[in-house]
Amino acid sequence: MTLPFSLRFDRKASISLAIAVPLAAALLYLALRDVDLAQVWERLRSANRFLVVAGFATLSAAYLVRAWRWQLLLNAEGRLGFGTVFWAMSLGYLGNNLLPARMGEFVRTGVIAWKGRIGAPFVLVTALTERLLDAGALVLVASIALATVPAMPEWLRRAALGLSVGAVGGIAALAVLPRIEPFLLRCVAACPGLGRMRERLKRLTSQLLLGMRPLHSPGRAARFAVSTAVIWSLDTLVALALARSMDIGMSPMAAIIVLAALGLASSLPSTPGYLGIYQFVAVSVLPPFGIGAAPALAFVLLLIEQPAPQTPVVEPVLP
């Protein structure tokens, strides 16, 4: 059986990797140049195992809630079981950790489209919707951080501003475009020179708009918002538990800000596991909270990657 999506490394993925490798090397150098690695190792070696296990258990709970949240969107069109959604999402996160250019997004979209027999464009847009609204939450958190902690690095301010523009535009599109579907389909039908591609383009447009429509249900939108708040609360508890396991005095505000900064930074072209990017974020964001470079680096090395807003690069095979 052929999966309804492509896993090949296209030219865009190759370009992304070509940018990511030197960027990661430069950021890793900047993160490590003034750090006593012996102190980092000592923090990791002496970490409280009970708190580490508790942190990872809490992170697992956050993944379960994330799967339930995505299922809310997917089941506007299909009837997917929770297990199918959870394992597809987990495979996607694993792929993002191991593969360049966030190729894990190919995996989770393709698995759902195949197993659920749902149109790949619909699945893709639900994944984009999930990421987009997470980006909105990140912008909100980053804005609060920048207003309350003046010493935040300038790159965080610029990243928050850029992401806020994209998030506002994307959320506006989610709200408006499905409501003008007849107009958009008429525009496609009126385009000259499409020939037999016209019907395929109309089907694709309908599928994409269908993926934007689930949150137009007030009940589903409310459940999505509550689950998002639960996810970010659990992620914050994970950060606090792992910091406390190494006797790092991290406040809830510091935990929230570093998670937001990691999310913003993950939008950059990245190597597997965000090597270099996450280390640089930790040693530049945490010092204003009284956390030195060595404890900050130990913290981010122990912290399991947090799911963050990303732009999936997916090539669905259209009917």
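1. A residue counts as buried under 20% relative accessible area, as exposed over 50%, and as partly exposed in between. W68 has 35% relative accessibility, so W68 is partly exposed. The residue is found in helix α3. Keep these cut-offs in mind for the points below. The model is a predicted one.

2. Overall fold. The protein has 13 helices and zero strands. From the N terminus on, the order of elements is α-α-α-α-α-α-α-α-α-α-α-α-α. The chain has 319 residues, of which 47% count as buried. Take the contacts between residues at least 6 apart in sequence: 77% of them join residues at least 24 apart. The exposed surface comes to about 14,900 Å². Carbon and sulfur atoms supply 68% of that area.

3. The nonpolar patch. Which residues form a nonpolar patch on the surface with W68? The partners are L64 and F82. Together the three have about 260 Å² of accessible area. F82, like W68 in point 1, falls in the middle class: at 32% relative accessibility, F82 counts as partly exposed.

4. Aromatic pairs. F82 also belongs to the aromatic side of the picture. A search of the whole structure finds three aromatic pairs. One of them joins F82 and F86, and this pair is stacked. The centres are 6.1 Å apart and the planes are 20 degrees from each other. The stacked class requires planes under 30 degrees apart, so the angle of 20 degrees places the pair there. Both residues lie in helix α4, residues 82-98. They are four residues apart, so about one helical turn separates them. The burial differs in class: F82 is partly exposed at 32%, while F86 is buried at 15% relative accessibility. W87 joins F82 and F86 in one aromatic cluster.

5. Salt bridges: the buried one. The structure holds 10 salt bridges. One of them links R66 and D235, with the closest N and O atoms 3.2 Å apart. R66 lies in helix α3 (residues 49-74) and D235 in helix α10 (residues 218-245), so the bridge ties together parts that are 169 residues apart in sequence. Are the two partners buried or exposed? R66 is at 0% relative accessibility and counts as buried. D235 is at 1% and also counts as buried.

6. The network around R66. Salt bridges that share partners join R66, R69, R108, E130, D134 and D235 into one network. Two arginines of this network also sit over tryptophan rings. The charged end of R66 is placed over the ring of W232, at 6.0 Å from its centre. R108 lies over the face of W70, with 4.3 Å to the ring centre. When checking R66, then, look at D235 and at W232.

7. A bridge within one helix. K202 and E199 form a salt bridge, with 3.9 Å between the closest N and O atoms. The salt-bridge cut-off is 4 Å, so the pair counts as a bridge at 3.9 Å. Both residues are in helix α9 (residues 197-212), three residues apart, so about one helical turn lies between them. Each partner is partly exposed: K202 has 24% relative accessibility, and E199 has a relative accessible area of 45%.

8. Backbone points. Most residues other than glycine have a negative phi. Which residues have a positive phi although they are not glycines? R117 has a phi of about 50 degrees, and D247 has one of about 60 degrees. R117 is placed in the loop between α5 (104-115) and α6 (120-148). At 71% relative accessibility, R117 counts as exposed. D247 is in the loop between α10 and α11 (252-265).

9. D247 again. This residue has a further role in the list of salt bridges. R244 pairs with D247, and the closest N and O atoms are 3.5 Å apart. The relative accessible area of D247 is 59%, over the 50% limit, so D247 counts as exposed. D247 thus combines three features: a positive phi, a place in a loop and a salt bridge to R244.

Conventions. Residues numbered from 1 in each chain as written. Predicted model: local features only at pLDDT ≥ 70, side-chain atom pairs only at ≥ 80, totals over all residues. Heavy atoms only, no water. Helix = DSSP H or I, 4+ residues; strand = E, 2+ residues; numbered from the N terminus. Buried < 20%, exposed > 50% of the residue type's maximum accessible area, 1.4 Å probe, protein only. Contact = heavy atoms within 4.5 Å. Areas by Shrake-Rupley, 256 points an atom, 1.4 Å probe, with all protein chains shown as cover. Salt bridge = Lys/Arg side-chain N within 4 Å of Asp/Glu carboxyl O. Patch = residues over 30% accessible without salt bridge, like charges linked within 9 Å, V, L, I, M, F, W, Y side chains within 5 Å. Phe/Tyr/Trp six-rings, centres within 6.5 Å; stacked < 30°, edge-to-face > 60°. Lys NZ or Arg CZ within 6 Å of the ring centre and 35° of its normal.
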